[in-house]
Amino acid sequence: MDDELEALRAKRMAELQKEMGGGGGGMNDQQKQQEEQQQRRQDMKNSILAQVLDQSARARLNSIALVKPEKAQMVESMLCQMATTGQLPGRIGEEQLKGLLEQVSEKTKRTTKVTVSKTRRKTVHWFLPCSLRTVGYLR
């Protein structure tokens, strides 16, 4: 009886592991493929930027990425696109990178509008009990 129970438990455990391994394995493979594709894109972007930017421009872009990552990503994608389409004449220096950053700043400039609404407020009167006046809290 105990041997049969152990065999049933082992069989059920194997089925559960198979289900978990089979269902999770497909997602795991898909996730690995996505991570590998993301890594390939990142490597390709880094190699393009290494070819296009000189050392000082690369350092400036990295320092900008620490403060404003979204702006740095926009500039990196812009540089990669320009490099792949052949719009860049050669290596970009720090001054040219500053110009690109200014262009990106102009495109992403946010305008904020503050509106002040003037509404009539009701005056609230506070009435204090007489006992506070007599105690000495209010004179």
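These legends accompany close-up views of a predicted model.

**Figure 1. The whole chain is built from helices, with 5 of them and 0 strands.** Reading from the N terminus, the order of elements is α-α-α-α-α. Of the 139 residues in the protein, 16% are buried. The accessible surface comes to about 12,400 Å², and carbon and sulfur atoms account for 53% of that surface. If you count contacts between residues at least 6 apart in sequence, 68% of them join residues at least 24 apart.

**Figure 2. Helix α3 covers residues 69-85.** Here is a quick check you can follow on the model: at 1.5 Å a residue, the 17 residues of α3 should span 24 Å, and the C-alpha atoms at its ends are indeed 24 Å apart, so the two values agree. Which residues of α3 are buried? They are K71, A72, V75, E76, M78, L79, C80 and M82. While you look at their spacing, a reminder may help: an α-helix has 3.6 residues a turn, so residues three or four places apart point the same way. Just after α3, G86 adopts a positive phi of about 80°.

**Figure 3. Helices α3 and α4 cross at roughly 115°.** The partner helix, α4, spans residues 94-107, and the axes of the two helices come within 10 Å. Their crossing is right-handed. From α3, the contact draws on K71, M74, V75, M78, L79 and M82, while α4 brings L97, L100, L101, Q103, V104 and S105. Sorted by type, the residues of this contact are 9 nonpolar, 2 polar and 1 charged. Several of the α3 residues shown here will be familiar from the previous view: K71, V75, M78, L79 and M82 are among the buried residues of that helix.

**Figure 4. E76 sits in helix α3.** Is E76 buried or exposed? Its relative accessible area is 10%, and a residue counts as buried under 20%, so E76 is buried. Setting aside neighbours within four places in sequence, what does E76 touch? It is in contact with K45, L49, R58 and L61.

**Figure 5. P89 lies in the loop between α3 and α4.** With a relative accessibility of 83%, P89 counts as exposed, whereas E76 of the previous view is buried. Look also for V52 in this view: it is 37 residues away from P89 along the chain, yet the C-alpha atoms of the two residues are separated by 9.5 Å.

Key:
Residues numbered from 1 in each chain as written. Predicted model: local features only at pLDDT ≥ 70, side-chain atom pairs only at ≥ 80, totals over all residues. Heavy atoms only, no water. Helix = DSSP H or I, 4+ residues; strand = E, 2+ residues; numbered from the N terminus. Buried < 20%, exposed > 50% of the residue type's maximum accessible area, 1.4 Å probe, protein only. Contact = heavy atoms within 4.5 Å. Areas by Shrake-Rupley, 256 points an atom, 1.4 Å probe, with all protein chains shown as cover. Axes fitted to C-alpha atoms, helices over the stretch in contact; angles between N-to-C directions. Left-handed = near helix turned anticlockwise from the far one by under 90°. Nonpolar A, V, L, I, M, F, W, Y, C, P; charged D, E, K, R; others polar. Expected span 1.5 Å × (residues − 1).
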